[in-house]
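Let's take a walk through this structure together, with a few stops at the spots where the backbone or the packing does something worth a look. Have your viewer ready.

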Amino acid sequence: MAKMMSGSTPINPDSYTGTSSPPLTPPPASLPVRTIPGGYGWPLLGPISDRLDYNWFQGPNTFFTKRIEKHKSTVFRTNVPPCFPFFLGVNPNVVAVLDVKSFSHLFDMEIVEKANVLVGDFMPSVKYTGDMRVCAYLDTSEPKHTQIKNFSLDILKRSSKTWVPTLVNELNSMFETFESDISKSNSASLLPTMQKFLFNFFSLTLLGANPSASPEIANSGYVMLDTWLAIQLAPTVSIGVLQPLEEIFVHSFSYPYFLVKGSYEKLIQFVKNEAKEVLNRGKSEFGLTEQEAIHNLLFILGFNAFGGFTIFLPTLLGNLGDEKNAELQEKLKNEVREKVGLKPENLSFESVKEMELVQSFVYETLRLSPPVPSQYARARKDFKLSSHDSVYEIKKGELLCGYQPLVMRDPKVFDDPEKFVLERFTKEKGKELLNYLFWSNGPQTGRPTESNKQCAAKDVVTLTASLIVAYVFQRYDSVSFSSGSLTSVKKAS
């Protein structure tokens with residue numbers, strides 16, 4: 001249950017578009033103005049020290065938590081990697097915003113802008129995206145953003161007709177493979193089979209392209225996307241390699257595009273050959289060049305859809321199949337079978353919208369484990385930023401950084417914030433909490449439009465995840481997942 005203060009004004013989900021900050025009380029005028037605590041340390045030495053803490057000695061969660069405790073504030077100055085010595089053009093200085101109220105300013109497009117800040121001040125070379133800035137790196141003030149965002153929304157709208165039957169068909173194939181693996185070795189590793197499922201499913205639905213048309217793409221397309229993503233983002237993510245090797249060889253420099261050039265060009269050819277209808281629509285209806293359409297489609301497929309679900313789906317299934325969650329499974333199974341029985345043909349977007357517990361399970365997974373942990377925005381102008389208890393002056397050009405796994409554990413908004421609560425987002429108070437669920441570059445009650453940066457597929461993601469959960473309990477009475485593997489299943493009786 002949300003711990004809202006008495007003057008809180010709920011957002012109207014139908015009218016909120018992510019262009020202003022969700023109101024959490026008290027209003028800014030009643031709060032004391034405070035100088036932003038923290039700092040950036042000595043030139044060169046301060047960023048390096050923070051980088052080592054962030055990547056090595058502490059990790060992101062402890063890094064931010066310790067600084068909240070030190071400064072007695074959820075808003076403070078610090079450095080985030082990457083930084084010197086080999087990232088000479090990258091400024092690691094940020095203002096961290098780590099409570100729900102201050103974090104919400106990241107999505108007010110009147111006061112912040114999002115040009116080239118997808119992963120902070122560091123931006124991978126545009127060579128990875130055809131020598132152009134794709135939509136994720138464009139600000140809403142740029143005309144090209146409007147064209148591409150509307151193209152993205154159109155793709156989702158048109159694919160909705162085949163989305164559910166394609167999902168069920170691909171889930172059948174994936175779980176048949178899992179069952180075969182379990183029969184041979186008592187467990188089935190999730191990642192390779194799951195990534196192949198994701199690649200096939202999103203190629204068919206978003207691109208209208210069948211990977212089976214190209215044997216190499218059918219067998220290795222998901223590996224090509226994996227490598228393309230990993231090479232770009234290596235300086236910013238932890239991969240669990242023995243330190244200091246990871247810090248020296250992974251986080252110290254950008255990797256050159258030529259390492260993935262060959263496989264990326266094969267993906268370009270796949271889109272060119274098999275996604276002609278979508279490409280033509282991008283050109284004729286949205287004014288994009290063929291190259292703009294191709295590279296934005298590959299980014300949507302690879303980064304947004306495939307990359308996002310590669311992180312999110314194992315977490316979703318892991319929460320579902322934890323051996324400690326037998327009661328949770330029973331509640332979800334009962335709801336699914338009450339609403340749609342055991343026939344996959346009964347699954348639809350409409351039917352899962354009636355599954356309050358299933359949707360709450362998905363929301364709670366996103367709250368505790370958002371697929372993209374960090375969000376950034378740059379101040380478009382000077383403005384006053386409010387946390388729950390103070391107001392801070394932000395100067396034009398300053399980079400704001402929000403670390404969502406901590407923000408979504410804000411104790412002033414969420415009761416028992418560290419605990420996974422199945423029913424958290426149910427009933428009237430649960431629906432109100434959706435105003436403060438951030439994982440998609442905006443609140444769950446927001447609406448993606450060309451005027452904001454909210455994920456175009458925000459609603460499709462949660463509905464698809466709900467469909468997957470419902471499918472599992474149509475197929476099985478119980479499942480067990482452990483350490484990235486499916487370890488047992490009990491077929492539906």
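Start at P85, which sits in the loop between β1 and β2. What is the peptide bond from F84 to P85, cis or trans? In this predicted model that bond is cis, with omega near 20°. Step back along the chain and there's another one: P81 and P82 are joined by a cis peptide bond, this time with omega at about 0°. P82 belongs to the loop between β1 (75-79) and β2 (93-97), so you can look at both bonds in one view, given that P85 is placed in the loop between β1 and β2 as well.

Keep P81 on screen, since it also turns up beside an enclosed space. How many cavities of 30 Å³ or more does a search of the whole structure find? The answer is three. The second largest of these cavities has a volume of about 50 Å³. It has 13 lining residues, and those closest to the centre are V80, P81, G120, D121 and F122. Sorted by class, that lining comes out as ten nonpolar, two polar and one charged.

Now for open space. The second largest pocket has a volume of about 420 Å³. Its lining is made of 19 residues, with K353, K458, D459, V460 and L463 lying nearest the centre. Which elements give two or more residues to that lining? They are α4 (143-185), α12 (349-353), α13 (356-368) and α16 (458-475). The class split here is ten nonpolar, four polar and five charged.

Next, back to a helix pair. Helix α1 (residues 45-57) packs against helix α2 (residues 60-71) at an angle of about 125°, and their axes are 6 Å apart. The two helices are therefore oblique to each other. On the α1 side the contact involves D50, D53 and Y54, while α2 brings P60, F63, F64 and R67. Taken by class, the residues of this contact are four nonpolar, no polar and three charged.

Two more backbone spots deserve a visit. D416 isn't a glycine, yet its phi is positive, at about 45°. You'll find D416 in the loop between α14 (404-407) and α15 (427-433). S483 is another non-glycine residue with a positive phi, near 50°, and its place is the loop between β9 (476-482) and β10 (485-491). Why flag these, along with the cis bonds? Because most residues other than glycine have a negative phi, and most peptide bonds are trans.

Finally, a word on confidence. The average pLDDT of the chain is 93, and 94% of the residues score at least 70. Residues 1-23 are another matter: pLDDT is below 50 over that stretch, although the model gives it 56 contacts beyond near neighbours in sequence. Where pLDDT is low, the predicted coordinates should not be read in detail.

Conventions
Residues numbered from 1 in each chain as written. Predicted model: local features only at pLDDT ≥ 70, side-chain atom pairs only at ≥ 80, totals over all residues. Heavy atoms only, no water. Axes fitted to C-alpha atoms, helices over the stretch in contact; angles between N-to-C directions. Helix = DSSP H or I, 4+ residues; strand = E, 2+ residues; numbered from the N terminus. Parallel < 35°, antiparallel > 145°, perpendicular 65-115°, else oblique. Contact = heavy atoms within 4.5 Å. Nonpolar A, V, L, I, M, F, W, Y, C, P; charged D, E, K, R; others polar. pLDDT = per-residue confidence, 0-100. 1 Å grid on protein atoms, 1.4 Å probe; cavity = no way out; pocket = protein on both sides within 12 Å on 5 of 7 lines; lining within 4 Å. Points joined across faces, edges and corners; volume = space filled by probe spheres on them.
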